[in-house]
Amino acid sequence: MVLAALSAIAWGCDEGRIYDDYEFEGPEGLVARVTATVTGADQWPEGYALAVAGFADGSEYALISKNAEAGPDGSCDVVLTGIPREVTSVELCAIDRLRRRVGTFAKAECSEKADTIRLSAGNVDASPAAAIQTEIFNTTCTQCHGGANFAAARLDLTSGNAFADLVGVESVKEPGRMRVEPGHSSSSVLYRILSTDESAGWNYDHSVEVVASEKLDLIKNWIDAGAKY
């Protein structure tokens, strides 16, 4: 793939930006226009970007991407050109420095018959917490923690409950330690049990649940950046 645009403008989190503005555009191809009203994008720690990106089936790495910048009112209007024909979906998503997908907020499938893809996403919570809820808790954790009105260890990880039960809350299994201690992933029970075998003595080793490195990094970096939600 030809890299037709590459810019690196240092953006600070204090400015409501996410990280260096990397844009990768391929040869002439499909065009996508994505519109949304975005909240929470300024909560992403360094190393991540809110972007419009194109993905091929079975890959977590964007073939093409363009940073999505929201205006003062949260409005976001991104036109992505030169999308290769190998791309099967265009997404409003968060990507890391390697352009790996870490959270999808809106998605449009590519049609072989269409040269232009239009995605109107409406109001979007594009925060790290929203990505963690959607990509990790909802897909992995809620069966035991909150689903079917059952919350193991009195921890409810369903939408609308998870972060109030996690951030600054003492662990039932490890008294004296916080489930999530903002700014300190290494001492937060959530990150420890997912990234090590520390919970093996609880009759269930939670480290088998989240094995993708980008998902573990997302939790770690979110905690270390203050665990905002």
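**Exercise 1. R101 and its surroundings**

Decide whether R101 is buried or exposed in this predicted model, and find which residues it touches beyond its sequence neighbours.

*Solution.* Start with accessibility: R101 has a relative accessible area of 12%. The cut-off for buried is under 20%, so R101 counts as buried. Next, place the residue in the fold: R101 belongs to strand 6. Then look at its side chain, which makes a polar contact of 3.5 Å with the side chain of T104. Finally, set aside neighbours within four places in sequence; R101 is then in contact with F55, S59, E60, E91, A94, I95, E214 and K215. Keep E214 in mind, as the next exercise takes it up.

**Exercise 2. A salt bridge between distant parts of the sequence**

Work out which parts of the chain are tied together by the salt bridge between E214 and R100.

*Solution.* Begin with the distance: the closest N and O atoms of E214 and R100 are 3.6 Å apart, and the cut-off for a salt bridge is 4 Å. Now locate each partner. E214 sits in helix 4 (residues 213-224), while R100 sits in the loop between strand 5 (89-96) and strand 6 (101-109), so the bridge ties together parts 114 residues apart in sequence. To finish, check the accessibility of both ends: E214 is buried at 10% relative accessible area, and R100 is buried as well, at 11%.

**Exercise 3. Helix 4 from end to end**

Describe helix 4: how far does it reach from its first C-alpha to its last, which of its residues are buried, and what covers them?

*Solution.* Take the span before anything else. Helix 4 has 12 residues and reaches 16 Å between its end C-alphas, close to the 16 Å expected at 1.5 Å a residue. Go on to burial: E214, K215, L216, L218, I219, W222 and I223 are buried in this helix. The cover over these buried residues includes strand 2 (48-55), strand 5 and strand 6, together with helix 1 (128-141), helix 2 (162-166) and helix 3 (189-195). Last, step just past the helix, where G226 has a positive phi of about 115°.

**Exercise 4. Salt bridges, one within helix 4**

Say how many salt bridges the model has, then examine the pair D224 and K220 and the pair R192 and E198.

*Solution.* The count is 12 salt bridges. For the first pair, the side chains of D224 and K220 meet with 3.1 Å between N and O. Both residues are in helix 4, 4 residues apart, or about one turn of the helix. An α-helix has 3.6 residues a turn, so residues three or four places apart point the same way. In accessibility, D224 is partly exposed at 33%, and K220 is partly exposed at 28%. A network can also be traced: salt bridges with shared partners join E174, R177, R192 and E198. Within this network, R192 and E198 meet at 3.0 Å, N to O. R192 is partly exposed at 28%, and E198 is partly exposed at 24%.

**Exercise 5. D57 in its loop**

Find where D57 lies, whether it is buried or exposed, and which side chain it is joined to by a polar contact.

*Solution.* D57 is in the loop between strand 2 and strand 3 (64-67). With 66% relative accessibility, D57 is exposed. Its side chain has a polar contact of 2.9 Å with the side chain of T88. As a last step, compare sequence and space: D57 and S89 are 32 residues apart in sequence, and their C-alphas are 8.0 Å apart.

Notes: Residues numbered from 1 in each chain as written. Predicted model: local features only at pLDDT ≥ 70, side-chain atom pairs only at ≥ 80, totals over all residues. Heavy atoms only, no water. Helix = DSSP H or I, 4+ residues; strand = E, 2+ residues; numbered from the N terminus. Buried < 20%, exposed > 50% of the residue type's maximum accessible area, 1.4 Å probe, protein only. Polar contact = N/O pair within 3.5 Å; in protein donor to acceptor, adjacent residues only side chain to side chain. Contact = heavy atoms within 4.5 Å. Expected span 1.5 Å × (residues − 1).
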